[in-house]
Structure formats: C-alpha cells, structure tokens
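Dear colleague,

I am handing over the structure we spoke about, and below it you will find an account of what turned up when I went through it. Please read the notes with the coordinates open beside them.

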Amino acid sequence: MVRTAVEDSTEPFVRAHGEKAYTYYGKIERMNELMQRAMAGVSVPPIRAVLGDGYDGFVGADGGGGVKVERL
C-alpha cells in the first residue's frame with residue numbers, strides 16, 4: 001500500500017472519491033459551508049501574525065466563497 005502511494009502521485013482523496021475535495025464537498029450544501037468556513041479560518045492566524053491582533057479592517061468583508069468574516 002505504501003509503495004502504491006509513493007509510485008502513484010494521485011491525491012488520496014481523488015483515489016478514494018474520484019474527484020478533488022473541493023468538487024466533492026461543493027455538491028453537498030452542508031459540507032460546502034463547512035469547507036468554506038474551514039478555509040476562511042485557516043487564514044486568520046497568519047494574518048493576525050502579520051497585521052497584529054488589534055486590526056479589524058476585514059470585519060464584515062467577504063472572506064472568500066461568500067463567507068463573511070465575523071472577526072479577524
């Protein structure tokens with residue numbers, strides 16, 4: 001199994017589901033919303049590290065994929 005994973009460069013999710021995660025989750029409304037919130041949340045720590053904790057310039061802005069930023 002490890003050998004197959006190393007030799008085959010196909011993403012494990014694609015191998016298991018036949019399509020990329022964004023496409024797969026985009027078809028299921030609940031999962032799409034969860035994925036969008038997760039992706040928006042991934043960017044918060046690096047932005048805080050660069051801009052500082054007191055910066056609130058993105059509150060209410062579209063965080064990508066129609067997800068509104070509640071607090072950055």
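I begin with a contact in helix 4, where the side chains of Glu33 and Arg37 meet in a salt bridge, with 3.4 Å from N to O. Please keep in mind throughout that this is a predicted model. Glu33 and Arg37 are 4 residues apart in helix 4, so about one helical turn separates them. Neither partner falls into the exposed class: Glu33 counts as partly exposed at 45% relative accessibility, and Arg37 likewise counts as partly exposed, at 49%, because that class ends where exposure goes over 50%.

A search of the whole structure finds 4 salt bridges, and I describe two further ones here. In helix 1, which covers residues 2–7, Arg3 and Glu7 lie 4 residues apart, again about one turn of the helix, and their side chains meet in a salt bridge at 2.8 Å from N to O. Here both partners are exposed, Arg3 with a relative accessibility of 62% and Glu7 with a relative accessible area of 56%.

The other one involves a loop residue, since Glu19 lies in the loop between helix 2 and helix 3. Glu19 forms a salt bridge with Lys27, and the closest N and O atoms are 3.0 Å apart; the side chains of these two residues are also listed as making a polar contact, at 3.0 Å. Lys27 counts as exposed, at 61% relative accessibility. If residues up to four places away in sequence are not counted, Glu19 touches Phe13, Val14, Tyr24 and Lys27, and two of these names, Phe13 and Tyr24, come back in the aromatic contacts.

The structure holds 3 aromatic pairs, and I take two of them in turn. The ring centres of Phe13 and Tyr24 are 5.4 Å apart and the planes stand at 75°, so this pair is edge-to-face, given that planes over 60 degrees apart are classed that way. Phe13 belongs to helix 2 (residues 12–17) and Tyr24 to helix 3 (residues 21–26), so the pair ties together parts that are 11 residues apart in sequence. The rings of Phe13 and Tyr25 have their centres 5.7 Å apart with their planes at 50°, and the pair is therefore tilted. This pair, too, links distant parts of the chain, with Phe13 in helix 2 and Tyr25 in helix 3, 12 residues apart. Taken together, ring pairs link Phe13, Tyr24 and Tyr25 into a cluster. The two tyrosines of this cluster are partly exposed, Tyr24 with a relative accessible area of 26% and Tyr25 with one of 21%; neither counts as buried, because that term requires a value under 20%.

On the surface there is also a nonpolar patch, formed by Tyr22, Met39 and Val42, which together have about 310 Å² of accessible area. Of these, Val42 lies in helix 4, which covers residues 29–42, and Val42 is exposed, with a relative accessible area of 53%.

As for the chain as a whole, it contains 5 helices and 0 strands, so that, in the shorthand used for the order of elements from the N terminus on, it reads α-α-α-α-α. Of its 72 residues, 10% count as buried. The chain exposes about 5,800 Å², and carbon and sulfur atoms supply 57% of that area. Among contacts between residues at least 6 apart in sequence, 19% join residues that are at least 24 apart.

If you want a place to start when you open the model, I would suggest the region around Glu19, in the loop between helix 2 and helix 3, with its salt bridge to Lys27 and its contacts to Phe13 and Tyr24, among others.

With best regards

Note on methods:
Residues numbered from 1 in each chain as written. Predicted model: local features only at pLDDT ≥ 70, side-chain atom pairs only at ≥ 80, totals over all residues. Heavy atoms only, no water. Patch = residues over 30% accessible without salt bridge, like charges linked within 9 Å, V, L, I, M, F, W, Y side chains within 5 Å. Areas by Shrake-Rupley, 256 points an atom, 1.4 Å probe, with all protein chains shown as cover. Helix = DSSP H or I, 4+ residues; strand = E, 2+ residues; numbered from the N terminus. Buried < 20%, exposed > 50% of the residue type's maximum accessible area, 1.4 Å probe, protein only. Contact = heavy atoms within 4.5 Å. Phe/Tyr/Trp six-rings, centres within 6.5 Å; stacked < 30°, edge-to-face > 60°. Polar contact = N/O pair within 3.5 Å; in protein donor to acceptor, adjacent residues only side chain to side chain.
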